[in-house]
Amino acid sequence: MMYRLPVQDVMSYDTQLVDQFQREASTVMSEPWFTALSLDARMAFLVIGLGQEAGEAQEVYKKAIPFQKERDKEKIAEELGDTLWHIATIAAMESISLADIMRKSMQKFLKRYPHRFVEVS
């Protein structure tokens, strides 16, 4: 069964929660240990952390799939949340809105998979 999402629903989501998450996530940028680092060191910390957290999410699947075990959804959610925190903070360091990143990503999906979306009048 194929689901088709209305374009308006996809592009008009409320960004308030996304903006709040990014503000809260980026509060680490005011921590003394973080501000003591050079700009390059801060970005390295965040980008390396992003890779590590994504790797931890991969690990959940690596442990479950070969043994046909149920995936630990709590652990997946935790690791994806940590990954999202790093993405939001990197975006804040680059003065990029997380909501804008999401909007641009959806525009790319609309172009790439137009058959999945329908215009609603």
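Ser-95 sits in the loop between helix 5 and helix 6. In this predicted model, Ser-95 has a positive phi of about 55°, although it is not a glycine. Most residues other than glycine have a negative phi. Ser-95 is also exposed, because its relative accessible area is 69% and the cut-off for exposed is over 50%. A second case is found in the loop between helix 4 (39–64) and helix 5, where Gln-68 is placed. Gln-68 is not a glycine either, and its phi is positive, at about 50°. The relative accessibility of Gln-68 is 75%, so this residue counts as exposed.

The overall architecture was examined next. The chain contains six helices and two strands. Along the sequence, these elements follow the pattern β-α-α-α-α-α-α-β. The chain has 121 residues, of which 24% count as buried. The accessible surface comes to about 8,800 Å². Carbon and sulfur atoms account for 57% of that surface. Contacts were also sorted by sequence separation. Among contacts in the chain with a separation of 6 or more, 76% join residues 24 or more positions apart.

Helix 5 recurs in much of what follows. Helix 2 (residues 16–25) packs with helix 5 at an angle of about 85°. The two axes are 8 Å apart. Helix 2 and helix 5 are therefore roughly perpendicular to each other, since angles of 65 to 115 degrees fall in that class. On the helix 2 side, the contact is made by Phe-21, Gln-22 and Ala-25. Helix 5 contributes Leu-84, Trp-85, Ala-88, Thr-89, Ala-91 and Ala-92.

Two residues of this contact, Phe-21 and Leu-84, also appear at the surface. Together with Ile-87, Phe-21 and Leu-84 make a nonpolar surface patch of about 210 Å². Leu-84 belongs to helix 5, which spans residues 73–93. The relative accessible area of Leu-84 is 37%, so Leu-84 is partly exposed. Leu-84 thus takes part in the contact with helix 2 and in the nonpolar patch.

Other positions in helix 5 are buried. Thr-83 lies in helix 5. Thr-83 counts as buried because its relative accessibility is 12%, and the cut-off is under 20%. With neighbours within four places in sequence left aside, Thr-83 is in contact with Leu-50, Glu-53 and Ala-54. Ile-76 is another residue of helix 5. Its relative accessible area is 10%, so Ile-76 is buried. Residues up to four places away in sequence not counted, Ile-76 touches Val-60, Tyr-61 and Arg-71. The C-alpha atom of Ile-76 is separated by 8.6 Å from that of Gln-58. Ile-76 and Gln-58 are 18 residues apart along the chain.

Charged pairs were then considered. Side chains of opposite charge can pair when their charged atoms come close. A search of the whole structure finds two salt bridges. One of them joins Lys-75 and Glu-79, with the closest N and O atoms 2.7 Å apart. Lys-75 and Glu-79 are four residues apart in helix 5, so about one helical turn separates them. Their accessibilities were assessed separately. Lys-75 counts as partly exposed, because its relative accessibility is 31%. Glu-79 counts as buried, because its relative accessibility is 1%. This salt bridge therefore links a partly exposed lysine to a buried glutamate.

The other salt bridge is formed by the side chains of Arg-103 and Asp-100, at 2.6 Å from N to O. Both residues lie in helix 6 (residues 98–112). Arg-103 and Asp-100 are three residues apart, about one turn of the helix. The relative accessibility of Arg-103 is 26%, so Arg-103 counts as partly exposed. Asp-100 is partly exposed as well, because its relative accessible area is 35%.

Key:
Residues are numbered from 1 along each chain as its sequence is written. This is a predicted model: local features need pLDDT of at least 70, side-chain atom pairs count only at pLDDT 80 or more; totals for chains, interfaces and linings use all residues. Side-chain values use heavy atoms; hydrogens and water are left out. Patches are made of residues with over 30% relative accessible area and no salt bridge: like charges are joined within 9 Å, nonpolar side chains (Val, Leu, Ile, Met, Phe, Trp, Tyr) within 5 Å. Accessible areas come from the Shrake-Rupley method with a 1.4 Å probe; for residues, only the protein chains shown count as cover. A salt bridge is a side-chain nitrogen of Lys or Arg within 4 Å of a carboxyl oxygen of Asp or Glu. Buried means under 20% relative accessible area, exposed over 50%, partly exposed in between (1.4 Å probe, protein chains only). Axes are lines fitted to C-alpha atoms, for helices over the stretch in contact, and angles run from 0 to 180 degrees between N-to-C directions. Angles under 35 degrees count as roughly parallel, over 145 as roughly antiparallel, 65 to 115 as roughly perpendicular and the rest as oblique. Contact means heavy atoms within 4.5 Å.
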